[in-house]
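Student: I'm new to this one, so could you walk me through it? I'd like to hear about charged pairs and empty spaces inside.

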Amino acid sequence: MNKSQERSTSSTISTPTIVAGEELHNVSDTFYTSQRKGSHIFRVRLDATGFTLQRESPSGVTIKEQTVKLCDIVGARCMRLKKPSRSLARCACVNPGTPAAAGAAGRKGATPSKCSTASKEDYVCDGGGDASAYLYLFAYVLKKKSLRSSLHRERTVLTLRFRSFDTFEDNMREADRWYRALRWQLNNTLEGIFVDRLDDSGRRRRALVMLNPKSGSGNAREVFNMHVAPVLNEAEVPYELFVTKHSNYAIEFMSTRRLDDWCTIIAVGGDGLFHEIINGLLRREDWAKILDNIALGIIPCGSGNGLARSISHGYNEPYFSNPVLGAALTVISGRSSPMDMVRVQLQNRVMFSFLSIGWGLISDVDIESECIRMFGYQRFTIWTLYRWANLRTYNGKISYLLVEETPEATGSQSEQQRKMQSSRSCNVHIDKLSHGNCHRSTEYLPQEFEDVISLETSINQSFRSRCDSWLSGGSRRSCYYSISESVYHSLADESEFTEQSTAGLELSQQNFGPSSSLPPLDEPLPASAGWLVEEGEFVMMHAIYQSHLGIDCHFAPKAQLNDGTIYLILIRGGISRPHLLSFLYNMSTGTHLPEKNNAYVKVLPVRAFRLEPHDNHGIITVDGERIEFGPLQAEILPGIARVMVPK
């Protein structure tokens with residue numbers, strides 16, 4: 001095939017056809033590459049399913065096909081090389097014909113050294129330099145290192161080189177057409193609250209990032225800069241970062257700040273920071289509007305990280321290989337699910353909970369192990385063994401209302417999860433994209449695609465080492481940049497809201513938030529309403545509404561984000577130490593709970609309960625935070641909040 005024939009053929013194949021509807025945003029082209037083993041022809045297509053590459057024979061027969069699913073792609077950039085590369089002179093790719101045609105992908109020597117925060121660069125290529133434009137797609141695909149290893153996500157950069165024209169501006173125009181098509185496809189999978197509908201470009205709305213620098217081992221700031229900010233930049237999610245200054249800072253901020261400019265609140269810290277955020281939001285007069293229009297996300301940097309683990313478990317998302325990366329991809333997913341919360345009535349105030357309420361053994365371990373916090377998550381194991389050897393019991397009375405069984409409640413977990421995933425979706429395309437299909441591919445692109453697609457993985461670092469700091473997630477420099485319009489608020493910034501004392505906040509919060517359907521705490525419970533009672537000596541009582549209490553504590557295997565159920569676990573005094581040790585040991589696998597309740601261990605699905613300790617000492621925790629000791633009652637608030645979930 002001579003040069004003129006190539007130009008004529010490519011003109012026929014790659015000229016875009018303008019059609020109505022979704023097809024307008026589907027782009028395809030024919031790419032030619034040259035390898036040592038010979039030239040190859042590739043048909044590249046971008047549509048609602050993802051980024052598809054077909055290797056064709058000279059006769060037009062498809063030899064191999066590979067797709068990077070749209071749900072694994074987070075964003076893209078159009079850019080150019082800062083300096084001409086010597087390797088470009090030896091590139092054997094030929095496709096000089098039409099405006100819609102493109103050159104081959106950049107090889108290892110053709111890596112960019114400057115990247116804009118918008119879709120393209122705005123400067124002219126120097127005379128005699130390379131006029132090619134490059135489109136870089138950022139994806140995080142599932143991969144297995146071996147048959148025995150678990151799935152994990154690996155960063156992949158797919159590169160297309162456009163060089164059909166003599167000037168950089170014309171080549172960039174073609175690359176930008178692909179970029180805009182991808183942005184349209186990605187935005188079409190987002191729920192409505194995450195996209196600025198008043199902007200014709202459909203850009204993402206701002207996210208508010210609340211960071212607790214003292215969470216866990218105290219490295220939350222570094223974790224965000226090194227691992228979260230690059231993902232936000234690749235997805236072009238503008239954000240504002242606020243660093244907490246003291247205890248209850250997030251409560252003060254959320255209860256007094258105007259929040260209309262943000263669509264997402266991301267907690268970078270532990271479950272304690274998330275607890276402050278939801279309690280601050282529910283102390284607002286407009287709490288119902290805020291919870292309906294803002295989704296909550298969490299980046300696990302604390303000691304327990306029960307909520308982050310529960311979300312990943314509920315959506316079969318890999319966690320242990322890289323918890324922060326999985327959470328970062330979740331908070332940019334553009335999908336949310338309703339989440340239950342619990343209203344907790346204490347003697348002098350009301351608070352709200354998203355994770356658990358504890359009294360007895362587990363609460364003792366959670367709070368008393370603070371003295372060995374330097375051991376990280378292992379402090380819980382160490383102190384659990386200590387408390388098991390020095391077992392305490394507590395006397396009290398627990399009243400509860402069982403959940404009413406319905407046909408829906410007895411359905412399969414997969415059916416309930418599908419309902420949960422689509423219940424608040426604002427886009428029909430989300431329902432079309434099967435969650436199961438989005439995350440089953442464990443293969444990378446075959447090697448014959450490497451000339452048209454450059455892959456960046458944790459193993460192959462050659463691309464990353466030369467990539468510009470605005471682009472590379474592995475560059476340390478990139479950690480201190482965000483995309484345009486993002487703002488960082490340092491510790492030295494003056495707070496824009498009026499400081500309130502903790503006592504004042506506790507009093508003011510009682511005026512807002514969902515009202516209770518239970519009798520006041522100081523009044524007896526009516527037996528006619530179906531209240532049941534357990535009374536006597538207890539080793540512990542723990543009420544949980546997420547599946548995990550911590551990263552390896554699968555405490556309530558049946559719990560879901562939005563099932564309207566509190567799982568009340570009771571362990572009676574008199575339980576043997578071997579039995580209790582077996583219970584504690586098997587919490588990591590979720591096999592600790594009995595199939596049927598026995599005399600010492602009971603699992604009760606309830607919608608409300610009341611705890612009345614008879615002792616005047618002990619520890620009670622809400623979401624892992626210690627509260628004043630005394631009677632309390634709690635009731636489920638089904639689906640009143642929304643939390644970010646994986647695609």
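Tutor: Sure, and keep in mind that this is a predicted model. Let's start with E368, which makes a salt bridge with R387, their closest N and O atoms sitting 3.1 Å apart. E368 belongs to helix α10 (residues 361-368) and R387 to helix α11 (residues 378-389), so the pair ties together parts 19 residues apart in sequence.

Student: Are E368 and R387 buried or exposed?

Tutor: The cut-off to remember is that under 20% relative accessible area counts as buried. For this pair, E368 and R387, the label is the same on both sides: buried.

Student: Which residues are linked with E368 and R387 in a network of salt bridges?

Tutor: Side chains of opposite charge can pair when their charged atoms come close. Here the network takes in E368 and R387, and the other members are D364 and R392.

Student: How far apart in the helix are R177 and E174?

Tutor: R177 forms a salt bridge with E174, with 2.7 Å between the closest N and O atoms. Both lie in helix α3 (residues 168-187), and their spacing is about one turn of the helix, or three residues.

Student: Is E174 buried or exposed?

Tutor: Being under 20% relative accessible area makes a residue buried. Its partner R177, at 25%, counts as partly exposed. E174 has a relative accessibility of 8%, so E174 counts as buried.

Student: What about D260 and R258: which label does R258 get, buried or exposed?

Tutor: These two form a salt bridge, with the closest N and O atoms 3.7 Å apart. D260, at 38% relative accessibility, counts as partly exposed. The cut-off for exposed is over 50%. R258 has a relative accessible area of 54%, so its label is exposed.

Student: On to the empty spaces: which residues are closest to the centre of the largest cavity?

Tutor: The search of the whole structure turns up ten cavities of 30 Å³ or more, and the largest holds about 220 Å³ of space. It is lined by 21 residues, and the closest to its centre are C71, V74, L329, S333 and K647.

Student: Which element gives the largest share of the lining of the second largest cavity?

Tutor: That cavity has about 130 Å³ of space. Its lining divides into twelve nonpolar, four polar and one charged residue. At least two lining residues each come from β11 (295-300), α8 (306-314), α9 and β22 (632-644). The largest share, five residues, comes from α9.

Key:
Residues are numbered from 1 along each chain as its sequence is written. This is a predicted model: local features need pLDDT of at least 70, side-chain atom pairs count only at pLDDT 80 or more; totals for chains, interfaces and linings use all residues. Side-chain values use heavy atoms; hydrogens and water are left out. A salt bridge is a side-chain nitrogen of Lys or Arg within 4 Å of a carboxyl oxygen of Asp or Glu. Helices (H or I, at least four residues) and strands (E, at least two) are DSSP runs, numbered from the N terminus. Buried means under 20% relative accessible area, exposed over 50%, partly exposed in between (1.4 Å probe, protein chains only). On a 1 Å grid over the protein atoms alone, a cavity is a set of points where a 1.4 Å probe fits but cannot get out, and a pocket is an open set with protein on both sides within 12 Å along at least five of seven lines; lining residues have an atom within 4 Å of a point. Grid points are joined across faces, edges and corners, and a volume is the space filled by probe spheres set on the points. Ala, Val, Leu, Ile, Met, Phe, Trp, Tyr, Cys and Pro count as nonpolar, Asp, Glu, Lys and Arg as charged, and the others, Gly among them, as polar.
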